[in-house]
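Biologist: Could you walk me through how to read helix packing in a model like this?
Modeller: Sure, let's bring it up.

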Amino acid sequence: KLLLKKEKDFLEEKEKNEFANMIKNIINRSDEKAFNPLVIPNENEFKAYENPYDLKLDNINSIRSLIKMAQRCNISDAPYGDELKGMDILKRVGRVSSRTNAFRLCVQLGLLEEHTNIFYKGTLYDMPHSEPAIKEAEEIMSGFLQDPDEVIRKDLTNIKAYAIDSEDTFEVDDAISIEMLENGKERVWIHIADVSKWIKEESFLSDEAAKRQKTLYLPEKVITMFPKNLSERVLSLKTNCINPALSMGIILKENGSIEHYEIVPSNVNITYRLTYEQIEEMIFEGITKKGNEESEIGRLIEIARKRHEYRCKNGSIDRFSKYGQNKIKVFDDKKNLSGKRIEILCEHESDSYMLVTEMMIMSGEGMAKFGKEKQLGLPYRSQRPPVSF
């Protein structure tokens with residue numbers, strides 16, 4: 001038994017050294033994309049889409065471990081158990097077993113790109129949509145689906161609806177309107193695209209979306225919660241057509257607090273899809289003033305200001321008057337040695353951002369009131385009070 005164990009240990013050590021030598025040879029030859037990056041970490045079963053080097057399962061697990069180390073190259077925690085095989089690879093190729101070296105080796109082996117955003121690698125966002133989910137998406141796009149809420153949808157297509165978003169947003173999932181009531185009051189409508197018409201509960205699409213939770217907007221790419229074609233062509237709110245939505249109508253008191261709200265399945269027709277910059281241009285040109293063609297936007301901005309003042313009086317942060325926002329965008333650029341170009345876009349205080357932000361916060365408050373009244377458990381976000389601002 002002792003001899004058998006020694007022989008087994010010898011063979012394992014030999015295989016590991018052979019694997020390490022293979023890696024050294026690959027690095028020395030500078031083979032591009034030596035190992036296919038679709039050798040996915042976080043999977044228990046052996047899975048390599050391409051295996052030109054006839055890698056064994058233990059080799060694959062070592063690579064996954066190396067990727068795990070690379071993913072954590074910006075933290076200083078003690079080594080995790082799933083990093084041990086990766087550390088062993090580094091030692092065998094003559095490198096210090098650090099996460100930074102793991103990342104560099106992964107780049108050399110074609111497992112990661114030099115500018116890989118490591119924060120989502122190995123997560124659900126790094127996985128493609130499953131084949132069953134893609135098949136469901138294709139069926140939705142190619143056929144007609146009966147609307148389960150058709151008979152109870154409120155017709156709001158006669159009210160102007162504005163979808164306002166960034167220029168690079170392709171999922172148009174919210175819009176706002178204002179309605180003049182007979183008693184002289186105003187009702188603000190916040191419309192959210194109602195995907196329940198298209199996505200069935202417990203379907204593959206529903207399950208995957210629940211796990212992803214949101215579309216991820218990264219500096220270098222957008223990773224969608226649903227398959228991109230479905231999100232853009234079917235689930236988004238579109239202009240000049242009837243769109244299913246979940247709409248919240250809110251009437252405010254004079255001080256900006258909510259007097260009355262209602263939540264209804266609805267049909268809406270998006271009058272305009274606008275960017276923040278276009279809204280600012282409309283304000284500058286005066287067409288949002290009272291009596292002009294888009295006075296509804298002007299009135300919505302006035303209501304948003306009232307809401308903002310109300311929130312600030314009740315302890316909210318006045319972020320619009322103190323801070324702007326910066327966006328980082330990464331573009332492919334062959335002229336640069338790195339192949340990338342980074343731009344920092346400064347987004348300063350503006351009425352358009354304030355308008356959309358206040359409308360969304362207000363709809364969140366209305367939904368919270370509904371959840372409290374109906375004793376429903378709802379997801380929410382909170383933050384500690386700021387120490388100083």
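**Helix packing**

Modeller: α5 and α6 are oblique to each other, since oblique is what remains once angles under 35 degrees (roughly parallel), over 145 (roughly antiparallel) and 65 to 115 (roughly perpendicular) are taken out. This is a predicted model, with local features needing pLDDT of at least 70 and side-chain atom pairs pLDDT 80 or more, while totals for chains, interfaces and linings use all residues. Residues are numbered from 1 along each chain as its sequence is written, and side-chain values use heavy atoms, leaving out hydrogens and water.

Biologist: At what angle do helix α5 and helix α6 pack?

Modeller: Axes are lines fitted to C-alpha atoms over the stretch in contact, with angles from 0 to 180 degrees between N-to-C directions. Here α5 (residues 131–142) and α6 (residues 204–212) pack at about 120°, axes 8 Å apart.

Biologist: Which residues of α5 and α6 meet?

Modeller: Contact means heavy atoms within 4.5 Å. Pro132, Ala133, Glu136, Ala137 and Ile140 of α5 touch Phe204, Leu205 and Glu208 of α6.

Biologist: Where else should I look for a helix pair?

Modeller: Try α8 (residues 276–285) and α11 (residues 351–374): their axes come within 8 Å and cross at roughly 120°. On the α8 side you'll find Tyr276, Ile279, Glu280 and Ile283, and on the α11 side Asp351, Ser352, Tyr353 and Val356.

Biologist: And how much of the protein is buried?

Modeller: Buried means under 20% relative accessible area, with a 1.4 Å probe and protein chains only. Of the 389 residues, 41% count as buried.

Note on methods:
Buried means under 20% relative accessible area, exposed over 50%, partly exposed in between (1.4 Å probe, protein chains only). Helices (H or I, at least four residues) and strands (E, at least two) are DSSP runs, numbered from the N terminus.
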